[in-house]
Amino acid sequence: MPEPHLPLPLSLQKRLDKVQLEGTFRSLPKPFTGVDFTSNDYLGLAHDGKNIKFTSSLEGSMGSRLLQGNLPQILDLEKEAALLFQSEATLWFSSGYQANLAVMSSIPQKGDIILFDQECHASLKDGMRLSLAHKFGYKHLDYFQLEKKLKLNRIKFPNAQLYVVSESLFSMSGKWSDPNILYALCEQNGAYLIYDEAHSTGVVGNNGGGWFHYHLPNKTALSITYTLGKAPGFAGAFVAGSQRLINYLINFARPFIYTTAPPNLMVEATRWVIHKMAMAEDRRLELQEKLAFFYAQFGKTVSAPISPIIPIPITGISECKEVAQQLQNQGFNVKAILPPTVLPGTERLRINITALHTYEELRNLAKALKPWWS
Ligand SMILES: Cc1ncc(COP(=O)(O)O)c(C=O)c1O
(Lines give C-alpha, C1' and ligand atoms only; values in the text may rest on other atoms or scores of the structure.)
Protein backbone atom coordinates (compact mmCIF):
# COMPACT_ATOMS: atom_id res chain seq x y z
CA MET A 1 0.00 0.00 0.00
CA PRO A 2 1.34 3.48 -0.78
CA GLU A 3 1.53 5.88 2.15
CA PRO A 4 -1.58 8.04 2.76
CA HIS A 5 -1.70 11.24 0.71
CA LEU A 6 -0.71 14.48 2.38
CA PRO A 7 -3.49 17.00 3.03
CA LEU A 8 -3.82 19.61 0.24
CA PRO A 9 -1.76 22.79 0.61
CA LEU A 10 -3.81 25.15 2.77
CA SER A 11 -4.43 27.68 -0.02
CA LEU A 12 -5.98 24.99 -2.24
CA GLN A 13 -8.11 23.61 0.57
CA LYS A 14 -9.35 27.16 1.28
CA ARG A 15 -10.46 27.57 -2.32
CA LEU A 16 -12.36 24.30 -2.18
CA ASP A 17 -13.96 25.27 1.15
CA LYS A 18 -14.99 28.62 -0.30
CA VAL A 19 -16.85 27.15 -3.32
CA GLN A 20 -18.46 24.60 -1.05
CA LEU A 21 -19.71 27.43 1.19
CA GLU A 22 -20.96 29.45 -1.79
CA GLY A 23 -22.82 26.44 -3.23
CA THR A 24 -20.77 26.33 -6.44
CA PHE A 25 -18.69 23.23 -5.68
CA ARG A 26 -18.42 21.10 -8.81
CA SER A 27 -18.54 17.32 -8.74
CA LEU A 28 -18.75 14.88 -11.61
CA PRO A 29 -22.39 13.86 -12.12
CA LYS A 30 -23.70 10.31 -12.14
CA PRO A 31 -25.32 9.14 -15.39
CA PHE A 32 -28.84 10.58 -15.62
CA THR A 33 -31.61 8.36 -16.87
CA GLY A 34 -34.26 10.98 -17.73
CA VAL A 35 -34.59 13.10 -20.85
CA ASP A 36 -31.37 14.96 -21.47
CA PHE A 37 -31.44 18.70 -22.16
CA THR A 38 -27.79 19.39 -21.42
CA SER A 39 -25.99 17.82 -24.36
CA ASN A 40 -24.52 19.82 -27.25
CA ASP A 41 -25.40 17.02 -29.66
CA TYR A 42 -27.76 19.42 -31.46
CA LEU A 43 -28.22 17.25 -34.55
CA GLY A 44 -28.36 13.99 -32.62
CA LEU A 45 -25.35 12.61 -34.52
CA ALA A 46 -23.26 11.47 -31.55
CA HIS A 47 -24.36 7.82 -31.81
CA ASP A 48 -24.68 7.51 -35.58
CA GLY A 49 -21.22 6.02 -35.95
CA LYS A 50 -21.56 3.34 -33.30
CA ASN A 51 -21.69 0.45 -35.79
CA ILE A 52 -19.18 1.82 -38.27
CA LYS A 53 -16.07 -0.34 -38.70
CA PHE A 54 -13.07 1.80 -39.46
CA THR A 55 -10.23 0.36 -41.50
CA SER A 56 -7.35 2.04 -39.67
CA SER A 57 -5.58 -0.05 -37.11
CA LEU A 58 -4.85 1.22 -33.66
CA GLU A 59 -1.38 2.65 -34.18
CA GLY A 60 0.02 5.75 -32.53
CA SER A 61 1.24 8.72 -34.52
CA MET A 62 4.55 8.57 -32.63
CA GLY A 63 5.15 12.26 -32.31
CA SER A 64 4.06 15.80 -32.89
CA ARG A 65 3.09 17.08 -36.34
CA LEU A 66 6.52 18.67 -36.71
CA LEU A 67 8.26 15.35 -35.99
CA GLN A 68 7.03 11.89 -36.96
CA GLY A 69 3.32 12.54 -36.54
CA ASN A 70 2.50 14.39 -39.75
CA LEU A 71 0.61 11.51 -41.34
CA PRO A 72 -0.46 12.15 -44.95
CA GLN A 73 -4.03 11.31 -43.94
CA ILE A 74 -4.11 14.37 -41.67
CA LEU A 75 -3.15 16.62 -44.56
CA ASP A 76 -5.95 15.11 -46.67
CA LEU A 77 -8.39 15.61 -43.83
CA GLU A 78 -7.38 19.25 -43.44
CA LYS A 79 -7.88 19.83 -47.17
CA GLU A 80 -11.37 18.35 -46.97
CA ALA A 81 -12.17 20.50 -43.97
CA ALA A 82 -10.96 23.57 -45.85
CA LEU A 83 -13.43 22.82 -48.66
CA LEU A 84 -16.26 22.31 -46.20
CA PHE A 85 -15.48 25.46 -44.23
CA GLN A 86 -14.80 27.55 -47.35
CA SER A 87 -11.28 28.57 -46.45
CA GLU A 88 -7.90 28.27 -48.10
CA ALA A 89 -6.54 25.96 -45.41
CA THR A 90 -7.27 24.42 -42.01
CA LEU A 91 -5.31 23.01 -39.09
CA TRP A 92 -6.57 20.14 -36.95
CA PHE A 93 -6.63 20.33 -33.14
CA SER A 94 -7.64 17.73 -30.58
CA SER A 95 -10.30 20.05 -29.15
CA GLY A 96 -11.87 23.46 -29.55
CA TYR A 97 -10.25 24.48 -26.30
CA GLN A 98 -6.81 23.64 -27.69
CA ALA A 99 -7.58 25.42 -30.98
CA ASN A 100 -8.70 28.63 -29.29
CA LEU A 101 -5.75 28.53 -26.92
CA ALA A 102 -3.44 28.24 -29.93
CA VAL A 103 -5.07 31.10 -31.84
CA MET A 104 -5.39 33.57 -28.99
CA SER A 105 -2.00 32.90 -27.42
CA SER A 106 -0.01 33.18 -30.63
CA ILE A 107 -1.69 35.75 -32.89
CA PRO A 108 -2.08 39.00 -30.90
CA GLN A 109 1.41 40.29 -30.05
CA LYS A 110 2.81 42.50 -27.30
CA GLY A 111 1.37 46.00 -27.74
CA ASP A 112 -1.57 44.80 -29.87
CA ILE A 113 -5.16 45.29 -28.78
CA ILE A 114 -7.75 42.55 -28.35
CA LEU A 115 -11.40 43.62 -28.14
CA PHE A 116 -13.51 40.69 -27.09
CA ASP A 117 -17.16 40.08 -26.34
CA GLN A 118 -17.34 39.69 -22.57
CA GLU A 119 -19.32 36.46 -22.92
CA CYS A 120 -16.61 34.75 -24.95
CA HIS A 121 -15.78 31.20 -23.91
CA ALA A 122 -13.10 30.35 -21.34
CA SER A 123 -10.88 28.84 -24.06
CA LEU A 124 -10.67 32.20 -25.85
CA LYS A 125 -10.11 34.06 -22.57
CA ASP A 126 -7.47 31.59 -21.39
CA GLY A 127 -5.66 31.99 -24.71
CA MET A 128 -5.74 35.78 -24.28
CA ARG A 129 -4.22 35.45 -20.83
CA LEU A 130 -1.21 33.83 -22.46
CA SER A 131 -0.90 36.70 -24.94
CA LEU A 132 1.05 39.85 -24.12
CA ALA A 133 -1.45 42.03 -26.01
CA HIS A 134 -3.76 44.50 -24.18
CA LYS A 135 -7.23 43.03 -23.71
CA PHE A 136 -10.49 44.95 -23.40
CA GLY A 137 -13.93 43.42 -23.17
CA TYR A 138 -17.03 44.95 -24.74
CA LYS A 139 -20.53 44.33 -23.44
CA HIS A 140 -22.15 41.21 -24.83
CA LEU A 141 -23.19 41.92 -28.43
CA ASP A 142 -22.95 45.69 -27.88
CA TYR A 143 -21.57 46.73 -31.25
CA PHE A 144 -21.87 50.46 -30.46
CA GLN A 145 -19.49 49.94 -27.58
CA LEU A 146 -17.22 47.81 -29.75
CA GLU A 147 -17.11 50.55 -32.39
CA LYS A 148 -16.29 53.19 -29.77
CA LYS A 149 -13.49 51.03 -28.36
CA LEU A 150 -12.11 50.32 -31.82
CA LYS A 151 -11.96 54.02 -32.65
CA LEU A 152 -10.55 55.00 -29.28
CA ASN A 153 -7.80 52.38 -29.38
CA ARG A 154 -6.97 53.21 -32.98
CA ILE A 155 -6.26 56.80 -31.85
CA LYS A 156 -4.50 55.85 -28.60
CA PHE A 157 -2.33 53.12 -30.14
CA PRO A 158 -1.89 54.05 -33.81
CA ASN A 159 0.73 51.35 -34.38
CA ALA A 160 -1.06 48.52 -32.61
CA GLN A 161 -2.81 45.78 -34.52
CA LEU A 162 -6.46 45.52 -33.48
CA TYR A 163 -8.23 42.17 -33.12
CA VAL A 164 -11.94 41.59 -32.55
CA VAL A 165 -12.95 38.30 -30.96
CA SER A 166 -16.45 36.87 -30.98
CA GLU A 167 -18.35 33.62 -30.98
CA SER A 168 -20.97 32.91 -33.63
CA LEU A 169 -23.56 31.43 -31.26
CA PHE A 170 -22.81 32.25 -27.65
CA SER A 171 -22.78 29.18 -25.48
CA MET A 172 -24.31 30.76 -22.40
CA SER A 173 -26.69 33.43 -23.72
CA GLY A 174 -27.79 31.33 -26.70
CA LYS A 175 -27.61 34.49 -28.85
CA TRP A 176 -26.18 34.82 -32.34
CA SER A 177 -23.52 37.42 -33.08
CA ASP A 178 -23.83 39.46 -36.27
CA PRO A 179 -21.03 38.62 -38.73
CA ASN A 180 -22.10 41.44 -41.08
CA ILE A 181 -21.59 44.08 -38.41
CA LEU A 182 -18.41 42.49 -37.07
CA TYR A 183 -16.94 42.24 -40.55
CA ALA A 184 -17.86 45.85 -41.38
CA LEU A 185 -16.47 47.20 -38.09
CA CYS A 186 -13.22 45.33 -38.62
CA GLU A 187 -12.94 46.58 -42.19
CA GLN A 188 -13.66 50.20 -41.23
CA ASN A 189 -11.16 50.19 -38.37
CA GLY A 190 -8.35 48.09 -39.78
CA ALA A 191 -9.02 45.25 -37.34
CA TYR A 192 -8.86 41.49 -37.85
CA LEU A 193 -11.73 39.21 -36.87
CA ILE A 194 -11.12 36.05 -34.83
CA TYR A 195 -14.31 34.00 -34.73
CA ASP A 196 -15.39 30.87 -32.87
CA GLU A 197 -18.07 28.71 -34.52
CA ALA A 198 -18.12 26.07 -31.76
CA HIS A 199 -21.91 26.01 -31.32
CA SER A 200 -22.86 26.76 -34.93
CA THR A 201 -20.66 24.21 -36.71
CA GLY A 202 -23.12 21.80 -38.32
CA VAL A 203 -26.16 23.72 -37.08
CA VAL A 204 -26.38 26.34 -39.83
CA GLY A 205 -24.98 27.15 -43.23
CA ASN A 206 -24.34 25.34 -46.43
CA ASN A 207 -23.51 21.72 -45.45
CA GLY A 208 -23.45 22.89 -41.85
CA GLY A 209 -20.47 25.09 -42.65
CA GLY A 210 -21.35 27.67 -39.99
CA TRP A 211 -22.69 31.15 -39.33
CA PHE A 212 -19.98 33.35 -40.82
CA HIS A 213 -20.27 32.04 -44.38
CA TYR A 214 -24.05 31.73 -44.06
CA HIS A 215 -24.01 35.52 -43.94
CA LEU A 216 -20.85 36.29 -45.87
CA PRO A 217 -20.29 33.49 -48.38
CA ASN A 218 -17.56 35.34 -50.22
CA LYS A 219 -15.71 36.90 -47.31
CA THR A 220 -13.05 35.66 -44.95
CA ALA A 221 -12.09 36.24 -41.34
CA LEU A 222 -8.52 36.01 -40.07
CA SER A 223 -9.25 32.85 -38.12
CA ILE A 224 -12.37 30.76 -37.55
CA THR A 225 -12.54 27.84 -35.11
CA TYR A 226 -14.91 25.01 -36.02
CA THR A 227 -15.38 22.35 -33.35
CA LEU A 228 -16.52 18.76 -33.81
CA GLY A 229 -17.58 18.06 -30.23
CA LYS A 230 -20.98 19.71 -30.41
CA ALA A 231 -23.38 19.33 -33.38
CA PRO A 232 -20.98 16.99 -35.26
CA GLY A 233 -21.22 14.72 -32.22
CA PHE A 234 -17.54 13.82 -31.96
CA ALA A 235 -14.43 15.70 -30.72
CA GLY A 236 -11.65 17.82 -32.17
CA ALA A 237 -11.56 21.11 -34.05
CA PHE A 238 -10.23 22.90 -37.09
CA VAL A 239 -8.85 26.40 -37.31
CA ALA A 240 -9.63 27.75 -40.76
CA GLY A 241 -7.93 30.66 -42.49
CA SER A 242 -5.41 31.51 -45.17
CA GLN A 243 -2.47 29.21 -45.85
CA ARG A 244 -0.30 32.01 -44.46
CA LEU A 245 -2.24 31.97 -41.18
CA ILE A 246 -1.89 28.20 -40.94
CA ASN A 247 1.87 28.50 -41.63
CA TYR A 248 2.03 31.06 -38.82
CA LEU A 249 0.24 28.74 -36.37
CA ILE A 250 2.50 25.83 -37.33
CA ASN A 251 5.48 28.01 -36.46
CA PHE A 252 4.27 29.89 -33.41
CA ALA A 253 1.22 28.27 -31.78
CA ARG A 254 2.65 26.31 -28.89
CA PRO A 255 -0.55 24.26 -28.26
CA PHE A 256 -0.08 23.00 -31.83
CA ILE A 257 3.69 22.50 -31.78
CA TYR A 258 4.17 20.73 -28.48
CA THR A 259 1.58 17.98 -28.62
CA THR A 260 1.21 14.53 -30.16
CA ALA A 261 -0.45 14.28 -33.58
CA PRO A 262 -3.72 12.32 -33.87
CA PRO A 263 -3.50 8.60 -34.65
CA ASN A 264 -4.90 7.43 -37.99
CA LEU A 265 -7.99 5.93 -36.38
CA MET A 266 -8.90 9.41 -35.09
CA VAL A 267 -8.23 10.94 -38.49
CA GLU A 268 -10.39 8.38 -40.30
CA ALA A 269 -13.19 8.81 -37.77
CA THR A 270 -12.99 12.61 -38.08
CA ARG A 271 -13.30 12.35 -41.83
CA TRP A 272 -16.40 10.21 -41.42
CA VAL A 273 -17.83 12.67 -38.92
CA ILE A 274 -17.42 15.76 -41.10
CA HIS A 275 -19.03 13.98 -44.06
CA LYS A 276 -21.92 12.91 -41.88
CA MET A 277 -22.34 16.43 -40.54
CA ALA A 278 -22.26 17.96 -44.02
CA MET A 279 -24.96 15.55 -45.23
CA ALA A 280 -27.23 16.06 -42.21
CA GLU A 281 -29.56 18.60 -43.86
CA ASP A 282 -32.62 16.65 -42.66
CA ARG A 283 -31.41 16.94 -39.05
CA ARG A 284 -30.79 20.68 -39.43
CA LEU A 285 -34.38 21.11 -40.62
CA GLU A 286 -35.74 18.83 -37.93
CA LEU A 287 -33.88 20.77 -35.25
CA GLN A 288 -35.39 24.04 -36.49
CA GLU A 289 -38.88 22.53 -36.58
CA LYS A 290 -38.54 21.25 -33.03
CA LEU A 291 -37.23 24.58 -31.77
CA ALA A 292 -40.15 26.40 -33.40
CA PHE A 293 -42.50 23.88 -31.76
CA PHE A 294 -40.88 24.42 -28.34
CA TYR A 295 -41.24 28.21 -28.55
CA ALA A 296 -44.81 27.80 -29.78
CA GLN A 297 -45.62 26.12 -26.44
CA PHE A 298 -45.03 29.55 -24.91
CA GLY A 299 -46.98 31.36 -27.63
CA LYS A 300 -43.76 32.66 -29.20
CA THR A 301 -42.76 32.83 -32.83
CA VAL A 302 -39.03 33.03 -33.39
CA SER A 303 -37.47 33.58 -36.77
CA ALA A 304 -35.12 30.94 -38.19
CA PRO A 305 -32.41 29.95 -37.71
CA ILE A 306 -33.36 29.47 -34.09
CA SER A 307 -30.63 28.94 -31.54
CA PRO A 308 -30.73 25.47 -29.94
CA ILE A 309 -29.46 26.95 -26.66
CA ILE A 310 -32.21 28.41 -24.48
CA PRO A 311 -31.17 30.11 -21.24
CA ILE A 312 -33.82 30.43 -18.52
CA PRO A 313 -32.69 33.11 -16.04
CA ILE A 314 -33.15 32.07 -12.39
CA THR A 315 -31.28 34.55 -10.23
CA GLY A 316 -29.46 33.25 -7.16
CA ILE A 317 -27.26 30.20 -6.76
CA SER A 318 -29.50 28.27 -4.40
CA GLU A 319 -32.68 29.30 -6.27
CA CYS A 320 -31.26 28.17 -9.59
CA LYS A 321 -30.01 24.88 -8.16
CA GLU A 322 -33.39 24.29 -6.53
CA VAL A 323 -35.31 24.76 -9.80
CA ALA A 324 -32.85 22.49 -11.66
CA GLN A 325 -33.36 19.86 -8.96
CA GLN A 326 -37.14 20.11 -9.24
CA LEU A 327 -36.92 19.58 -13.00
CA GLN A 328 -34.51 16.68 -12.53
CA ASN A 329 -36.98 15.12 -10.09
CA GLN A 330 -39.55 15.26 -12.89
CA GLY A 331 -37.18 13.37 -15.20
CA PHE A 332 -35.63 16.26 -17.17
CA ASN A 333 -31.87 16.50 -17.12
CA VAL A 334 -31.47 20.26 -16.86
CA LYS A 335 -28.44 21.88 -15.24
CA ALA A 336 -28.00 25.10 -13.31
CA ILE A 337 -25.29 27.30 -14.80
CA LEU A 338 -23.58 29.11 -11.96
CA PRO A 339 -20.63 31.45 -11.35
CA PRO A 340 -17.81 31.43 -12.36
CA THR A 341 -19.16 30.10 -15.68
CA VAL A 342 -21.57 33.07 -15.68
CA LEU A 343 -21.43 36.33 -13.72
CA PRO A 344 -22.91 36.34 -10.19
CA GLY A 345 -26.54 37.42 -10.44
CA THR A 346 -26.98 35.97 -13.94
CA GLU A 347 -27.47 32.33 -12.92
CA ARG A 348 -29.59 30.40 -15.38
CA LEU A 349 -30.80 27.04 -16.51
CA ARG A 350 -29.42 26.15 -19.91
CA ILE A 351 -31.77 24.10 -22.05
CA ASN A 352 -30.25 22.52 -25.15
CA ILE A 353 -32.69 21.16 -27.67
CA THR A 354 -31.65 18.58 -30.24
CA ALA A 355 -33.13 17.09 -33.39
CA LEU A 356 -33.73 13.83 -31.50
CA HIS A 357 -36.06 15.21 -28.82
CA THR A 358 -39.59 14.05 -29.41
CA TYR A 359 -42.45 16.52 -29.63
CA GLU A 360 -43.89 14.96 -26.50
CA GLU A 361 -40.64 15.50 -24.57
CA LEU A 362 -40.58 19.12 -25.68
CA ARG A 363 -44.22 19.65 -24.75
CA ASN A 364 -43.63 18.10 -21.32
CA LEU A 365 -40.54 20.21 -20.64
CA ALA A 366 -42.34 23.37 -21.71
CA LYS A 367 -45.17 22.53 -19.29
CA ALA A 368 -42.69 21.93 -16.48
CA LEU A 369 -40.88 25.21 -17.20
CA LYS A 370 -43.96 27.41 -17.27
CA PRO A 371 -43.79 28.47 -13.60
CA TRP A 372 -40.35 29.99 -14.28
CA TRP A 373 -40.40 31.06 -17.89
CA SER A 374 -43.06 32.67 -19.98
C1 LIG B 1 -17.73 28.75 -27.55
C2 LIG B 1 -16.87 27.55 -27.29
N3 LIG B 1 -15.66 27.51 -27.84
C4 LIG B 1 -14.85 26.46 -27.64
C5 LIG B 1 -15.23 25.40 -26.85
C6 LIG B 1 -14.30 24.26 -26.63
O7 LIG B 1 -14.58 23.24 -27.51
P8 LIG B 1 -14.19 21.73 -27.15
O9 LIG B 1 -15.29 21.22 -26.30
O10 LIG B 1 -14.07 21.07 -28.48
O11 LIG B 1 -12.89 21.78 -26.43
C12 LIG B 1 -16.49 25.41 -26.26
C13 LIG B 1 -16.92 24.28 -25.42
O14 LIG B 1 -17.86 24.29 -24.70
C15 LIG B 1 -17.34 26.52 -26.48
O16 LIG B 1 -18.55 26.58 -25.93
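**Exercise 1.** Determine which residues of H11 meet which residues of H13, and describe how the two helices are arranged.

*Solution.* Lys290, Phe293 and Phe294 of H11 meet Tyr359, Leu362 and Ala366 of H13, where contact requires C-beta atoms, placed from the backbone, to lie within 7 Å, and where helices are DSSP runs (H or I) of at least four residues and strands are runs (E) of at least two, numbered from the N terminus. The residues of this contact comprise five nonpolar, no polar and one charged. The model is predicted, so that local features need pLDDT of at least 70 and side-chain atom pairs count only at pLDDT 80 or more, while totals for chains, interfaces and linings use all residues. Residues are numbered from 1 along each chain as its sequence is written.

Next, take the axes, which are lines fitted to C-alpha atoms over the stretch in contact, with angles from 0 to 180 degrees between N-to-C directions: those of H11 and H13 come within 9 Å and cross at roughly 30 degrees. H11 is therefore roughly parallel to H13, a term for angles under 35 degrees.

**Exercise 2.** Identify the buried residues of H13 and establish how they are placed around its axis.

*Solution.* In H13 (residues 359–369), the buried residues are Leu362, Leu365 and Leu369; buried means 20 or more other C-beta atoms within 10 Å of the residue's own, and exposed means 12 or fewer. Viewed down the axis, they fall within an arc of 65 degrees and so line one face of the helix. On the other side, Tyr359, Glu360 and Lys367 are exposed. The cover over the buried residues includes helix H11 (281–296), strand S9 (309–313) and strand S10 (332–333).

How values were computed: The arc is that of the directions from the helix axis to the C-beta atoms. Angles under 35 degrees count as roughly parallel, over 145 as roughly antiparallel, 65 to 115 as roughly perpendicular and the rest as oblique. Ala, Val, Leu, Ile, Met, Phe, Trp, Tyr, Cys and Pro count as nonpolar, Asp, Glu, Lys and Arg as charged, and the others, Gly among them, as polar.
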